[in-house]
Each structure stands twice: as C-alpha cells, then as structure tokens.
Amino acid sequence: MEPIVEPVKSKRRYDSRFRQAQARRSREAILDAAQRRFLEAGYAATTIAAIAGEAGVSVETIYKAFGGKSGLVRAIYDRGMTGRGPIPAYQRSDEMRAHETDPETIMRKWGLLTTEVASVTPIRLLMRQAAVTDPEMATLLKDSDDERLTRMQHHARFLADRGHLRPDVTVAEATDILWTCSSVEIYELLVLQRGWSQRRFAQFIADFMIASMLPDSLSSDALPGKPLDG
C-alpha cells in the first residue's frame, strides 16, 4: 500500500511592499500631525503624546522612529526640502545644471526650485525661535545652516568651473549670494510679510542672481524687482 501523502499547505507570502507602504503612510501621518501641532501650539507646548493621539499611533512608535521632538522637526524640515514630486529638489537641481548650458536658464530654474522648497519657512522659523532656549534645536538649526552653506559652495564652484561667473565675482562671493537667495528669511520678508506671489518671488530671486553674478552681457535685462510681463 502506498503511503498517504498529505498536501503541504503553502505559507502565506509575506507582502513586504504592503508593509512598506503602510509604514510610509504612518510616517506621513505622524509628520503631518507634528507639523500642525508645532505650528499651532509652538515647539515647547507640543507633546509627543498629543502628536501620537492625532496621528493614531503610540508614543513608543514616535520615539522609536524619530527619537523625540527635535527628530520630528528635523524630519519635517527634510521632507520640505525635498520639494514636490518623487524626485528630491536637490537631485533635480543637480541633474538640470549638468545638462543645461545657459547660465541664465540655470538661475531661473534655481529660482523656481528655491521657491518650491520655501514651504519649509514656517518650520524653519519655529526652529529659529525654539533654538533660543532649546540646545537640541540650536544644534539642528546650525546643522541645517551648515548643510545649506555646503550646498551653495557646491553650486558656486560649479558656476566658476563652467566659466559662468563675472571676473570680479569670487567663489566665496557667489556662495554668499546663493546663501542669501536660498534663505527662508528673504522669503519670509517678501512673501509672508509683503504678500508677494510665488511667481514674483521666483523671478526676483533669479533676477538677483543673474544681475549679481553673471557677465553684464548676459544680465543687462535682468534687474531685480523688474515688473513681470502681464
């Protein structure tokens, strides 16, 4: 008699993609809740428990993923700096400049990208305010400043290597100009306080960079604050 062989039950396949998507949704929910709480109540008054309650997760989940309030602020800031879309803004910037040969076009696109990532301005202002009394936020603020400065030095060297800078503009000066144009402070003044549109701000930033760094032959029509067509 042949032995009876029982069918082997197949194990349910572990769907890692589903779990990853679920983790991303949970992360976004936490960051959205944290951003709302921080901007409404302020950094000091916001608790991890309140964020967890709004996001529908446990306090332990937040501590495990972000390490605390300063980690949440950092994650919110980093998310804003990636800009819109699946490809981070800094990556799009590098890819664009690698293929674009016209320096004015590069700076006009930089103006648009600067405006796009300026959505971090409210959280950046929160960081600046909290840094006065909170050592962790002071460190975070300095780290973000250092990272932006390094990136602007990177851009300035690129412009110099391509021969795009005016002879009287050094890499250090170009770095300072780019550093200023990419600051949230200038966005705060012109957009948040003076009510400029995103489009007007993007053109102003591009005009300023062109007039400040490019040879006169390229920038004779680029005057900061020049009225927009239409």
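A salt bridge here is a side-chain nitrogen of Lys or Arg within 4 Å of a carboxyl oxygen of Asp or Glu. Keep that in mind as you click around this predicted model, which holds 14 salt bridges.

**Stop 1: R166 and D168**

Select R166 and D168 to start. They form a salt bridge, and the closest N and O atoms sit 2.9 Å apart. Is R166 buried or exposed? Its relative accessible area is 17%, and buried means under 20%, so R166 counts as buried.

**Stop 2: R79 and E28**

Now pick R79 together with E28. Here the closest N and O atoms of the salt bridge are 2.7 Å apart. Zoom out a little and colour the helices: R79 belongs to helix α4 (residues 69–81), while E28 is in helix α1 (residues 16–41). The two are 51 residues apart, so this pair links distant parts of the chain. Switch on the surface and you'll find R79 partly exposed, at 22% relative accessibility. E28 is partly exposed too, with a relative accessible area of 33%.

**Stop 3: along helix α4**

Stay on helix α4 and select D78 and R74. Their side chains meet in a salt bridge, 3.0 Å from N to O. How many residues apart are they in helix α4? Four, which means that about one helical turn separates them. D78 is partly exposed, at 31% relative accessibility. While you're in this part of the tour, add D32 to your earlier selection: salt bridges that share partners join E28, D32 and R79 into one network.

**Stop 4: the largest nonpolar core**

Hide the charged side chains and go for M107, W110, L159, L178, M209 and M213. These have the most contacts inside the largest nonpolar core, a set of 30 residues. To see where the core comes from, show α5 (89–99), α6 (103–117), α8 (135–161), α9 (171–181), α10 (184–193) and α11 (198–213), each of which supplies at least two of its residues. Which helix gives the largest share? That's α11, with six residues.

Next, centre the view on L159. Leaving aside residues up to four places away in sequence, L159 touches M107, W110, H164, L165, L178 and M213.

**Stop 5: another core**

For a last selection, try A34, I123, L126 and A130. They are among the 27 residues of another core, which lies apart from the one you just visited.

Notes: Residues numbered from 1 in each chain as written. Predicted model: local features only at pLDDT ≥ 70, side-chain atom pairs only at ≥ 80, totals over all residues. Heavy atoms only, no water. Buried < 20%, exposed > 50% of the residue type's maximum accessible area, 1.4 Å probe, protein only. Core = buried A, V, L, I, M, F, W, Y, C linked by side-chain atoms within 4.5 Å. Contact = heavy atoms within 4.5 Å.
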